[in-house]
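Visitor: I am new here and would like to know how the labels in this structure are justified. Could you take me through them?

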Amino acid sequence: MNEGGDSEAARIARARLPDGLRPETLAVRTALAPSQHGENSEGLFLTSTYVQPDAQTSARRFERMEDFTYARTSNPTVRSLEQRLAAMEGAEGCVATATGMSAILLMIMGLLKAGDHVVCSRSVFGSTVSLFAKEFSKFGVETSFVSQTEIAEWRAALRPSTRLLFAETPTNPLTDVCDIRALADLAHDAGALLTVDNTFCSPVLQRPLALGADLVMHAGTKYLDGQGRVMAGALCGPNRLIVDVFGPTLRTAGMTLAPFNAWVVLKGLETLRLRMKAQSDAALQVAHWLERHPAVSRVYYPALASHPQHELAMAQQSGQGGAVLSFDVKAGSPERARAAAFHVIDSTRVLSIATNLGDTKSIITHPATTSHGRLTEAQRQASGIGQGLVRLAVGLEHVDDITDDLQRGLGSLS
Ligand SMILES: *Cc1c(COP(=O)(O)O)cnc(C)c1O
């Protein structure tokens, strides 16, 4: 690959970014160096294996797990995504996975063994609860579920065998916020690690590692992609975990992210800052509008002064609420509340009736019959997810078109 010394040297100088670049720049520029073709946008490498220059080099690469050997282990497009997301989270390293759930699977397979104990908020993503409560318990990893906001409950749940605290903030759908720094201190005093699912805020609004967390987990399916196209996941943290622990586990167990999906998310990261800001600003406007609406009894959104953890949220989330909010429609009995919520949802003509978030298209959801449908009515009542609750994941439409769409149903509730 001898294609002229001078231009090659110039290219290498450009490929190695200077120190001290700001987050906006890192989100656009961090990646592997371009190939000999000099592509300005990161390439999509669809290949299941890599040709080695000679047997000796091949042996070394396999032994040290370096460079590129086989696509279950590593891929240049995936590596670029890992480097960029690590830079944005302020992490030493990152390992990308096929989905958000497989990032949690990789984390537990890599870190824990039978007899180990986990403390987890009971308000985390529904499949996360199932994964800990049902799947990991089969292998002897036990989980205690505690209040999202009462730190004393976390402390009381600690055991000598506790290895991990797992939190997600803000939660879905009620946007409860936990204190990352306080949980990190608690974990470290107990000789455990703290992992934070940062899917809802993304590193643009919240950087858990800077607040003391040991690992950040992502469902890249949501805001990192940002346009509802692909599934992806990731863990970010120190290389003693990312490279030494999760690297070998992923190489063996194969929760590998597909290169095409990595390429889509890599592109998504370039506009993440703009999207999060716009969607979060719009969500605040919608939240204010809902708070004034006579047919709405309560709005759940961290940037509202009425939110129980408003000050903590603003300090922890760069003064932003994020793009997900929920509200209760006014109604008497659970049956009437459900009918009213369904009426609001079914009267929309712009919003998507779906269960996802992090899309440019706003999504409206009835949590009690979808994401939280598997709970008993008593469990739902205990977690505050009533039949009248509606969740909105605000996208990039004009905010007046979103409120007009909500008004179609809210304005005609009897
Ligand atoms: C969607 C989501 C997950 C799971 O991610 P998948 O990519 O769907 O596997 C985990 N945590 C949160 C907060 C999520 O929103």
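Visitor: What makes a residue count as near the ligand, and which are closest?

Guide: A residue is near a molecule if one of its heavy atoms lies within 4 Å of it. By that rule 14 residues surround the ligand, the closest being Gly 100, Met 101, Asp 197, Thr 221 and Lys 222. Please keep in mind that this is a predicted model, where local features need pLDDT of at least 70 and side-chain atom pairs count only at pLDDT 80 or more, while totals for chains, interfaces and linings use all residues. Residues are numbered from 1 along each chain as its sequence is written, and side-chain values use heavy atoms, with hydrogens and water left out.

Visitor: What makes the approach of Asp 197 to the ligand a polar contact?

Guide: A polar contact is a pair of N or O atoms within 3.5 Å; within protein, one must be able to donate a hydrogen and the other to accept it, and residues adjacent in sequence count only if both atoms are side-chain atoms. A polar side-chain atom of Asp 197 lies 2.6 Å from a nitrogen atom of the ligand, so the pair meets the 3.5 Å limit. Thr 221 also uses a polar side-chain atom, 2.6 Å from an oxygen atom of the ligand. Gly 100 uses a backbone N or O atom, at 2.9 Å from a ligand oxygen.

Visitor: Why is His 307 called buried?

Guide: Buried means under 20% relative accessible area, exposed over 50%, and partly exposed in between (1.4 Å probe, protein chains only). His 307 has 7% relative accessibility, so it counts as buried. You can find His 307 in the loop between E8 and helix H12 (310-316). Its side chain reaches the backbone oxygen of Thr 175 at 2.7 Å. Beyond its neighbours within four places in sequence, His 307 is in contact (heavy atoms within 4.5 Å) with residues including Leu 174, Asp 176 and Tyr 301.

Visitor: How do you know that the length of helix H4 fits a helix?

Guide: Helices (H or I, at least four residues) and strands (E, at least two) are DSSP runs, numbered from the N terminus. The expected span of a helix is 1.5 Å times one less than its number of residues. For the 14 residues of H4 (residues 76-89) that gives 20 Å, and the end C-alpha atoms are 20 Å apart, so the two agree. At the N-terminal end, Asn 75 caps H4 with a side-chain oxygen 2.8 Å from the backbone nitrogen of Thr 77. After H4 comes Gly 90, with a positive phi near 70°.

Visitor: What makes H4 mostly covered?

Guide: Of its 14 residues, 11 are buried, among them Val 78, Leu 81 and Met 88. The cover includes helix H2 (23-29), strand E6 (215-219) and H11.

Visitor: How do you know that E6 is paired with E7?

Guide: Two strands pair if DSSP finds at least two bridges between them. E6 and E7 have 4 bridges and pair in the antiparallel sense, and one partnership is Val 216 with Cys 236 of E7. Strand E5 (residues 193-197) runs parallel to E6, joined by 3 bridges. E6 is also mostly covered, with 5 of its 5 residues buried.

Visitor: Why are E8 and E10 called edge strands?

Guide: The open sheet has 5 strands in the order E8-E9-E12-E11-E10, with mixed pairing. E8 (296-300) and E10 (352-353) each have a single partner strand, so one side of each is left without a neighbour in the sheet.
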